[in-house]
Every structure is written in C-alpha cells, then in structure tokens.
Protein chains: 2
Amino acid sequence: MTAPAVLVVDDEPQIRRALAVNLAARGYTVHQAADGRAALRAASAHHPDAVVLDLGLPDIDGIDVVRGLRGWTTVPIVILSVRDGERDKVEALDAGADDYVTKPFGMDELLARLRAALRRATPDETAEPVVETAAFTIDLAAHTVVRDGRPVHLTPTEWGLVEVLVRNPGKLVTREVVLRTVWGEGFEDESGYLRVHMASVRRKLEADPAHPAHFLTEPRMGYRFLPDP
Amino acid sequence: MTAPAVLVVDDEPQIRRALAVNLAARGYTVHQAADGRAALRAASAHHPDAVVLDLGLPDIDGIDVVRGLRGWTTVPIVILSVRDGERDKVEALDAGADDYVTKPFGMDELLARLRAALRRATPDETAEPVVETAAFTIDLAAHTVVRDGRPVHLTPTEWGLVEVLVRNPGKLVTREVVLRTVWGEGFEDESGYLRVHMASVRRKLEADPAHPAHFLTEPRMGYRFLPDP
DNA sequence: CCACGGCGTGAAGGTGCCGTGAAGCCCGTT
DNA sequence: AACGGGCTTCACGGCACCTTCACGCCGTGG
C-alpha cells in the first residue's frame, strides 16, 4: 500500500489540525471533517483506509456515524472521546468501532493504534511481492517464477540468489553479501558457487544466457538485478 | 463461528480466574497459561481465536511472546498491562498486538475490545470456503471433501495439511510453517511426518498419487497447492 | 603479442531428501 | 479383553540437488 488515506473527524479545529499535521508528516494522506454529516460524505467520497473519529460531534452522535459507516464499509475506525466511561466504550466498540482512545491522548499512542488498525485491515499487501520484466514475472510471496506463461522451477539455491538480487533492484550486491545471505556464515570465499548457480539462474530466466539483460555481473565486485527500463 | 476459543495468559491466578469465569459465562472456550513458555505452547496446541496476554510474565517478556506468536499466526492479541506509559503501548502495538488495556481494567470494556478483535479477525468465514478442482471439491467451512460425488474421509492430520495448503493456493508453504501449523511449536524438524501424511493425502485425493497434479512438492523447501489452471 | 586472473559452462560424483510400504504403538470403543 | 483407527517410526530405492572439477572465453596489464 502506498500512502494510506486517513479521514480525521473532530469538531475542534486545533485537534483536527494537530492530527492532520502529525499524520501528514508520517506520509499519510489526510482528509478532514468537522461534523458527522461531513464525515459520512467524506468517507463515501474518498474511501479512506482508516477513520479517526471524535464521538462528541455537534450534529450527529458519533455512535451513529459509526453505524452509518458500518452499513457499507469495514474501514478501521479509531474512536477519540473525552468520555472515559465503560458504557461509552462498550457501546462504541459494539457498534463497530475498532479502537477507543480517551482524550487527552498521546500522539504516539494514537499513531501506534492507527498503525495496528491499518495493519489488520491490509492482510498481506505489505510487501511488493511481484516483480515483472519483459521476460519473466517473479512473485516473491508465492515463491513462483513465470516465463512465457509457464511456471519455471527454481531450486532453493537458485531461488535464494534471485531473491536477494530482486529485493535490491538496480543495486549492486557484493559477492560477500550474496554468499552470506544464501549459504550463511563462513561461505564468503566460495565464489565458485556463485558462478555455477548464477549460470543456472540465467539459463532458466534470461532470453540469451550468454548476454544477460537482467542478472548482470559486476566483475570483481558482485551481481546486480536490473528491472526493465 | 461457534464458541470462539480464547487463550488467557496471566501469572496472577485471581486475574486469570476472573477472566476465565467471565469468558466462559459468555460462551467462550477458555484456555489458560501462567507464563510465556506455556502461552506459546498452548497457542500452538489449541490454535485459539484470540489471546489475552499480560505483559508482566515471570519468564519471557510479554513483547517477546507477541513476537513469538506473530511468527506464525495472525490471531488477535489483546494486551493487559499495569504499565501505562506511551512507550510500552507503542512497542507492544508495533510488535503486532491488536489492542492494549491498562490494569486495573473494566471487565465490560475488555470484553468489548475482545469482541471487536474477534469481529475483525473473522470476516471471511463465508467468503469462499469452497475450493474446487477437476478431481475433488474441498469445503473448508464444512470440513468436507468430495471426490467423484462421494465423500472422502480425512484424518485430523490429513485435514490439517490440506487446510493449510488450500488456504494458500498457488503459494509455497515451507515445511517449517506446515509443521508448526499442523503439529505445533517444537515439531519443525519432523519432516518425516510430512512425507508420510502427504502421501496419504495424495493417495486419497490425487488421480495419480505418484504424479500429483494439485499437491506438489518443492524439494528441500516445502509444498504447494495448485488449483486448476 | 602473450600471460594471467576472473568468469561462464558443461559434466561427473556423492549426499541428503522424498515417496512408499509396512510394522509398532497409543487410545478410545465395543 | 479384543478390536480398529490413526499416528509414529523405520528401511529402502530413486532422484533432485549441490558440490567439485576441467576447460574455454574474455578483458587487462606487461
């Protein structure tokens, strides 16, 4: 996921602003609303990835905003409230809220709870598991390589090489790092292994193994994976 | 879902007991553990639907218990702690906890937070629990397998294998993950079990067990379930 | 122009992993 | 007590994979 969007709902401008600044500083896209009607409208307009919602709104009761959202979306909702009573918390959580933070709140804690809520909502999109080139497609999560529509089988060693290089696209990876990553401590001098297994990788993935386009050798240094330009 | 199972981890017997009584009264199945090692063991043995975890354990730091769990499961974790500092909360939540409640806590609030955690964790029981291939049909929700119109009986171990693989269609599942999921913590080296029970699964489900079309072996790595193309 | 070192390539050898059948054991049922 | 299902354990054959080695190519430096 890139730049999660967060909808901040609070009628107090200074709190709204403090939240917006802190969220924006951490790379979130921020939308704001000052009352319940605006919140519902903004949610349906922007489809945020999370909602931070103050319960004490001037027009609609915050609980009803939760219910309104839950009618059509499962977006994580973190409640902000001055009310510290158990009754309020239970009611909000059972209405469908995901978390409940009492004002005054610590910004770090709120952000951590927001991260937790976002993490749960995005099952496994965390990494970017798919790397695609003109010649082949590598799915790091599924451990699969597809070439010309057909799956290509890689041995564990070959997969280790591909993985360490593909996870550092465009960057030079030294022999030492490759050997330690794939073979482990104590194999830093076995550069012969690299030649043999790298040849195997290129034979399986490169269109012209003798003149590789993606798995390049940097003489005396290491190797480099080059995605499509 | 019927009768969610909750693992309660706390070293103070009276708190553990209070939680267990309240949870049981509301229809939950309750498992208990008094320290971190027991918690990890119980989690892998019972596969609870949620974990209530006290941070102040006698043996392992609660944070490390969270990390230990997160290594192989996404079960919701609600932290209980006497520590009210922001640092503690942020650390626990970022380690993978889902919620953080400070002692002394209100039972109603804790239960509400637990309900919220459970609600989030089970959105997909109705999603698509049925996996169909040309050879057989697997209904994950109903725990049934049908082949050629006739039901196929799987033993608990066989079902565990089928389930963990089918829930990750197309993805490589390492031996370590399979063993921990089906047998639990401490069985990561018993790859012999895998061979035997996998052969059993293939004998029951594959048209040609010697040349499986759906339950594939990735030598030295793990196994992979391949749906129909 | 030649020597040399690094790299790619192909093949041979051995090791450990995987599939398979069967025997032994635990445990709940009859 | 006898029975049977299911899990564990073992032995064995086959094979995928890693290692090792020899050789040829290419670039660089003398």
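Here is a short conversation about a predicted model with protein chains and DNA.

In this predicted model, local features need pLDDT of at least 70 and side-chain atom pairs count only at pLDDT 80 or more, while totals for chains, interfaces and linings use all residues. Residues are numbered from 1 along each chain as its sequence is written, and chains are lettered from A and ligands numbered from 1 in the order in which they are written.

Colleague: Which residues of helix α6 of chain B are buried, and why are they on the same side?

Modeller: Buried means that 20 or more other C-beta atoms, placed from the backbone, lie within 10 Å of the residue's own. Helices here are DSSP runs (H or I, at least four residues), numbered from the N terminus. The buried residues cover an arc of only 95° around the axis, taken from the directions from the helix axis to the C-beta atoms, which puts them on the same side of α6(B). In α6(B), residues 156-166, they are E158(B), L161(B), V162(B) and L165(B).

Colleague: Which element gives the largest share of the side of chain A that touches chain B?

Modeller: Counting C-beta atoms within 7 Å as a contact, 22 residues of chain A are in contact with 22 residues of chain B. On the chain A side, α4 (86-95) and α5 (107-121) give two or more residues. The largest share, seven residues, comes from α5(A).

Colleague: Which residues are the closest to DNA strand D?

Modeller: Near means a C-beta atom, placed from the backbone, within 6 Å of the strand. By that rule, 15 residues surround DNA strand D. The closest are T155(A), T157(A), T155(B), P156(B) and T157(B).

Notes. Buried ≥ 20, exposed ≤ 12 C-beta atoms within 10 Å, placed from the backbone. Contact = placed C-beta atoms within 7 Å.
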